[in-house]
Amino acid sequence: AVYYLAESTETNLRQIAADIEKAAIYILPEKRIRLEHVTLLSPHFSDVFALLGFWAQGEKGKVLLSLQELKSRQVSPHMVVAAMQTMLSKWIYYKSEHEKMMTVATGGRDVGRREMSLRQVAERIDSRSAFMIEKDLRKIKSLSLSGLVKKKQELVDLEQLVKTGQMPETHVLEVFFTR
């Protein structure tokens, strides 16, 4: 169970502690947390993060393989969409901050002016998480802010179609990644 938590949260200790607390409350009055408790309460999202990373970097073949892997593990599309909503929101924030800092640092987007490195941008966004922010900024480097916003809205629209019964839950991921 501990290994599963460490892998699924990418060793985010705060998340691991929160998931252990959730499991501890869930199993009361029992005292032993087992793998089935953890998998029920804490979905494995590393595959979702990989899926979005492949999508952001334009690796369509790997996106399709990741979708197949998620299906084979019977991961709920609803949970994947929720994780994707969070990631896209975070990326939109990072991209908008990056663009703001580039505009301020260069006095506009004129050619020949000095730009801040992704590391510097990440440090300014949050120095405690700079390493992870820089990794995300590298992943989304080729994506435009407007493109990210458009895909986030598309995901919201698809989620609404699922919630209103106009689209089967099983189709939402394929539609999102093939448009």
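These exercises work through burial, aromatic pairs and contacts in a predicted model.

Residues are numbered from 1 along each chain as its sequence is written. Local features need pLDDT of at least 70, side-chain atom pairs count only at pLDDT 80 or more, totals for chains, interfaces and linings use all residues, and side-chain values use heavy atoms, without hydrogens and water.

**Exercise 1.** Find the buried residues of helix α8 and say where they lie around the axis.

Solution.
- Locate the helix: α8 spans residues 130-139. Helices are DSSP runs (H or I, at least four residues), numbered from the N terminus.
- Apply the burial cut-offs: buried is under 20% relative accessible area, exposed is over 50%, and partly exposed is in between (1.4 Å probe, protein chains only).
- List the buried residues: Ala 130, Ile 133, Glu 134, Asp 136 and Leu 137.
- Check their directions: they cover an arc of only 160° around the axis, so they sit on the same side of α8. The arc is taken from the directions from the helix axis to the C-beta atoms.

**Exercise 2.** Classify the aromatic pair of Tyr 93 and Tyr 94, then that of Phe 176 and Phe 177.

Solution.
- Set the terms: a pair is described by the distance of the centres and the angle of the planes. Rings of Phe, Tyr and Trp (its six-membered ring) pair if their centres lie within 6.5 Å; planes under 30 degrees apart are stacked, over 60 edge-to-face, the rest tilted.
- Count: the structure has three aromatic pairs.
- Take the tyrosines: Tyr 93 and Tyr 94 are 6.0 Å apart centre to centre, with 55° between the planes, and the pair is tilted. Tyr 93 is partly exposed at 41% relative accessibility, whereas Tyr 94 is buried at 10%.
- Take the phenylalanines: Phe 176 and Phe 177 are edge-to-face, at 4.9 Å centre to centre and 90° between the planes. Both are buried.
- Extend the group: Trp 55 joins Phe 176 and Phe 177 in one aromatic cluster.

**Exercise 3.** Place Lys 151 relative to Phe 176 and Phe 177.

Solution.
- Start with Lys 151: this residue belongs to helix α9 (residues 145-163). Lys 151 is buried, at 9% relative accessible area.
- List contacts (heavy atoms within 4.5 Å): beyond four places in sequence, Lys 151 touches Trp 55, Leu 88, Phe 176 and Arg 179.
- Test the ring: Lys 151 lies over the face of Phe 176, 4.2 Å from the ring centre. The criterion is NZ of Lys or CZ of Arg within 6 Å of the ring centre and within 35 degrees of the ring normal.
- Turn to Phe 177, in helix α10 (residues 172-178): its C-alpha is 9.5 Å from that of Lys 151, at 26 residues apart in sequence.

Note on methods. Helix = DSSP H or I, 4+ residues; strand = E, 2+ residues; numbered from the N terminus.
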